[in-house]
Amino acid sequence: MATIVAISTAPGVGGIGIIRMSGDDCFNILNKIFIPKNKGEIENYKMKYGKIINSSTNEEIDEVLVSYFIAPKSYTTENMCEINSHGGIIVMNKILEECLKNGAELAEPGEFTKRAFLNGRIDLSQAEAVIDVINAKSNIEAKASINQLRGSLSQKIKKIKEKIINIMVDIEASIDYPEYDVEEVTNEKAKNQIEEVLKELRKLENSFNDGKIIKEGIKTVIVGTPNAGKSSLLNAILDEERAIVTSIEGTTRDTIEEFVTIRGIPLKLIDTAGIRKAKDEVEQIGIEKSKEYIKNSDLVIAIFDATKALKPEDIEILEMIREKNAIIVLNKEDLNSNVLDKEEKILSSGKKVIKISALKKTGIEELYDEIAKLFNINKLQIEDGEFLTNVRHKNSITNAIKKLEKSEQTILDNMPIDIISIDIKDALEELGKITGDSVSEDIIKEIFKKFCLGK
Ligand code: GDP
């Protein structure tokens, strides 16, 4: 395969930049542009110090360290090197140019990982885990991705596939040697085995919901009428929480999304209309807009100023959260003039009511407890990294389940045993899509397109 090269460090200026090269010609190209201080043999996983030169003019470009990875013990299984240069854009680009000039080709996004997959070092689910590790926004997500990268999902799918293959073997033996078998016995046995496999697949399928929460965070919105204490509560959560807070541009122009991890559960707090910003810059969000936020959220924290009677807008908010996963927060507990305590409209809402003071930061722990209770994710399963985060994997599992259920039905209908095997084969093929054994070139292309350059 052609030798590829890319700048692997993030675009921009940094202390160190890494230019990565992989392929048959990697060391030949390197020889033309790198003058090591130590002229001895190269060794696997060792570095050499030296300088990169312009191969036409011999002019020095940078002082570098080069690490060597000799095939097949490298990321791609090919000969590879990583040139650690100074992290300046000009220097990195010049080194890249030298590699290109001497025969390397510019790598496509994800091409190094694609080669690791095509050369059989990792399977497709592991390759996908690489992007997930890079993009992880919480500890738990990073851990799950690392598990998947290590092959936890691949192993699980492999074991399930083996079980299905055994069912197939039994069925085919009974087709080939009908004289040795009684069909009912095979049918009964196959049905039990299919049931067993289905149980495992359904468990994995269900874990996707938890996985989705982990990956995307629980979309949470704080709603309340002006001065209820929305921004004070948001600040209390963001400032108290020692977890890393990441601000990212929201889906609409005027929202910011903040990721926080509460009791191990990642929340994506939608900062409606930038309530964290200075007040005068901000339009107060109207009821219509609140409606929209509420509709699109997984969790609503409805906050009320407990010292004031409900206003018509408050009642509207109570109405809007009726069908939602919501927690009612009565704020300004510190003022000791709670008039909403006995408010019928709140008591009859069916939602958990929590009293807090966003200002004095009391009651926040109770709020967290309630959030953890509402989203009772299977912690054990998650700690084991045994959950799906990828919708492509989930769809394959759902399809495999459907096929196996169909084959089960075929058995119950007393259909000939060779018909049963058709659906079982389809189920195997679906599972093969996860690991990449049976997946189209187009899907592979789609997957690697999402990678960054140099990975
Ligand atoms: P928002 O309009 O809903 O974002 O409300 P703010 O968070 O800006 O709060 C409105 C006013 O109420 C501010 O002056 C806050 O200092 C005050 N406030 C917020 N929470 C509390 C609280 O728990 N106790 C008291 N005494 N005042 C609070």
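This section describes side-chain contacts and the packing of one helix in a predicted model.

Helix H1, which spans residues 26-33, contributes Cys 26, Phe 27, Ile 29, Leu 30 and Ile 33 as its buried residues. Viewed down the axis of H1, these buried residues fall within an arc of 160 degrees, so they line one face of the helix. In an α-helix there are 3.6 residues a turn, so residues three or four places apart point the same way. The cover over the buried residues of H1 includes strands S2 (14-22), S3 (34-36), S4 (47-53), S5 and S6 (80-87), together with helix H2 (89-101).

Aromatic pairing was examined next. Four aromatic pairs were found in the model. In one of them, the ring centres of Phe 27 and Tyr 68 are separated by 5.8 Å and the ring planes meet at 50 degrees, so this pair is classed as tilted. Because Phe 27 belongs to helix H1 and Tyr 68 to strand S5 (residues 60-69), the pair ties together parts that lie 41 residues apart in sequence. Both Phe 27 and Tyr 68 are buried. Phe 27 is thus one of the buried residues of H1, and strand S5, which carries Tyr 68, is among the elements that cover the buried residues of that helix. Elsewhere, Phe 117, Phe 448 and Phe 451 are joined into a cluster by ring pairs.

Charged groups are also placed over aromatic rings. The charged end of Arg 20 sits over the ring of Phe 112, at 5.1 Å from the ring centre. Lys 455 lies over the face of Tyr 75, where the distance to the ring centre is 4.5 Å.

Across the whole structure, 25 salt bridges were identified. One of these joins the side chains of Lys 163 and Glu 196, with an N to O distance of 3.6 Å. This pair links distant parts of the chain, since Lys 163 is located in helix H6 (residues 152-176) and Glu 196 in helix H7 (residues 183-216), 33 residues apart. Lys 163 has a relative accessibility of 30% and therefore counts as partly exposed; Glu 196, at 43%, likewise counts as partly exposed.

Helix H6 takes part in a further salt bridge, formed by the side chains of Lys 425 and Glu 172 at 3.8 Å, N to O. Lys 425 lies in helix H15 (residues 417-435) and Glu 172 in helix H6, so this pair ties together parts that are 253 residues apart in sequence. The relative accessible area of Lys 425 is 45%, which means that this residue is partly exposed. Glu 172, with a relative accessible area of 31%, is also partly exposed.

A salt bridge is likewise formed between Lys 332 and Asp 305, whose closest N and O atoms are 3.2 Å apart. Here Lys 332 lies in the loop between strand S13 (326-331) and helix H11 (344-347), whereas Asp 305 lies in strand S12 (residues 299-305), and the two residues are 27 residues apart. The partners fall into separate accessibility classes: Lys 332 is partly exposed at 22% relative accessibility, while Asp 305 is buried at 10%. The assignment follows because buried means under 20% relative accessible area. Finally, Glu 78, Glu 111 and Arg 115 are linked in a network of salt bridges.

Key
Residues numbered from 1 in each chain as written. Predicted model: local features only at pLDDT ≥ 70, side-chain atom pairs only at ≥ 80, totals over all residues. Heavy atoms only, no water. Phe/Tyr/Trp six-rings, centres within 6.5 Å; stacked < 30°, edge-to-face > 60°. Helix = DSSP H or I, 4+ residues; strand = E, 2+ residues; numbered from the N terminus. Buried < 20%, exposed > 50% of the residue type's maximum accessible area, 1.4 Å probe, protein only. Lys NZ or Arg CZ within 6 Å of the ring centre and 35° of its normal. Salt bridge = Lys/Arg side-chain N within 4 Å of Asp/Glu carboxyl O. Arc of directions from axis to C-beta. Contact = heavy atoms within 4.5 Å.
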